[in-house]
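Student: I've got a structure open and I'd like to take a close look at one part of it with you. Could you walk me through it slowly?

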Amino acid sequence: AQVNQWVAWAQCLTSLTNSVADAVNGAIVMDSKVFMAKVNELKNLVKQLNTHLKGKTWIAGDKATLADIVCGCTLTSAF
């Protein structure tokens, strides 16, 4: 259940991370205020994951799961 929860969390971020990455990579032109708002929104959402990971190595359980892979892949493009 935890794996599914974190995969769904990452899927909800996909649009946001893609738009930030596209702006950084020059694929789209974005107003600087809009860009900073999206970056701040993304940072606030990533704080949830960071808080969850406090004292842990993996997102769900004692070993890497699909949750770790999906969250990592989703966030990598934006950061």
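Student: Before we zoom in, what percentage of the residues in the protein are buried? After that, I'd love a close look at the place where helix 1 and helix 3 pack.

Tutor: Sure, let's do it. Keep in mind that what you're looking at is a predicted model. Your opening question first: buried residues make up 32% of the 79 residues in the protein.

Now a quick tour of the whole thing. There are 3 helices and 0 strands, so to speak of the fold as you read along the sequence is to say α-α-α. The C-alpha trace spans about 40 × 20 × 15 Å along its principal axes. The protein exposes about 5200 Å², and 57% of that comes from carbon and sulfur atoms. Contacts across the sequence are worth a glance too: take the ones with a separation of 6 or more, and residues 24 or more positions apart account for 69% of them.

On to the part you asked about. Two packed helices are described by the angle between their axes and the distance between the axes. Here the partners are helix 1, residues 2-24, and helix 3, residues 66-76. They pack at an angle of about 10 degrees, and their axes are 9 Å apart. Angles under 35 degrees count as roughly parallel, and helix 1 and helix 3 are therefore roughly parallel to each other.

Who does the touching? From helix 1 you have Val3, Trp6, Val7, Trp9, Ala10, Leu13, Thr14 and Thr17. They meet Leu66, Ala67, Val70, Cys71, Thr74 and Leu75 from helix 3. Sort the residues of this contact by type and you get 11 nonpolar, 3 polar and no charged.

Let's pick out two residues on the helix 3 side. Start with Ala67, which sits in helix 3. Its relative accessibility is 0%, so Ala67 counts as buried. Leave out residues up to four places away in sequence, and Ala67 touches Val3, Trp6, Val7 and Ile59. If you want a sense of scale, find Lys38: Ala67 and Lys38 are 29 residues apart in sequence, and from C-alpha to C-alpha they are 23 Å apart in space.

Now slide along helix 3 to Thr74, which lies in that helix as well. Thr74 has a relative accessible area of 13%, and buried means under 20%, so Thr74 is buried. Skipping its neighbours within four places in sequence, Thr74 is in contact with Ala10, Leu13, Thr14 and Thr17. Those four are on the helix 1 list of this packing. The side chain of Thr74 also reaches the backbone oxygen of Val70, at 2.7 Å. For another long jump, try Asp31: Thr74 and Asp31 are 43 residues apart in sequence and 23 Å apart in space, C-alpha to C-alpha.

Next, have a look at the surroundings. Ala60 is in the loop between helix 2 (32-53) and helix 3. With a relative accessible area of 9%, Ala60 is buried. Not counting neighbours within four places in sequence, Ala60 is in contact with Gln2, Val3 and Thr65. Notice Val3 there: Ala67 touches Val3 too. Ala60 and Leu45 are 15 residues apart in sequence, and their C-alpha atoms are 18 Å apart in space.

Back in helix 1, look at Ser19. Ser19 counts as buried, at 13% relative accessibility. Setting aside residues up to four places away in sequence, Ser19 touches Ile28, Met30 and Lys38.

For a contrast, try Asn44, which lies in helix 2. At 46% relative accessibility, Asn44 counts as partly exposed. Asn44 and Trp58 are 14 residues apart in sequence and 20 Å apart in space, C-alpha to C-alpha.

To pull the close-up together: helix 1 and helix 3 are roughly parallel, the residues of their contact include no charged ones, and on the helix 3 side both Ala67 and Thr74 are buried.

Conventions: Residues are numbered from 1 along each chain as its sequence is written. This is a predicted model: local features need pLDDT of at least 70, side-chain atom pairs count only at pLDDT 80 or more; totals for chains, interfaces and linings use all residues. Side-chain values use heavy atoms; hydrogens and water are left out. Axes are lines fitted to C-alpha atoms, for helices over the stretch in contact, and angles run from 0 to 180 degrees between N-to-C directions. Helices (H or I, at least four residues) and strands (E, at least two) are DSSP runs, numbered from the N terminus. Angles under 35 degrees count as roughly parallel, over 145 as roughly antiparallel, 65 to 115 as roughly perpendicular and the rest as oblique. Contact means heavy atoms within 4.5 Å. Ala, Val, Leu, Ile, Met, Phe, Trp, Tyr, Cys and Pro count as nonpolar, Asp, Glu, Lys and Arg as charged, and the others, Gly among them, as polar. Buried means under 20% relative accessible area, exposed over 50%, partly exposed in between (1.4 Å probe, protein chains only). Accessible areas come from the Shrake-Rupley method with a 1.4 Å probe; for residues, only the protein chains shown count as cover. A polar contact is a pair of N or O atoms within 3.5 Å; within protein, one must be able to donate a hydrogen and the other to accept it, and residues adjacent in sequence count only if both atoms are side-chain atoms.
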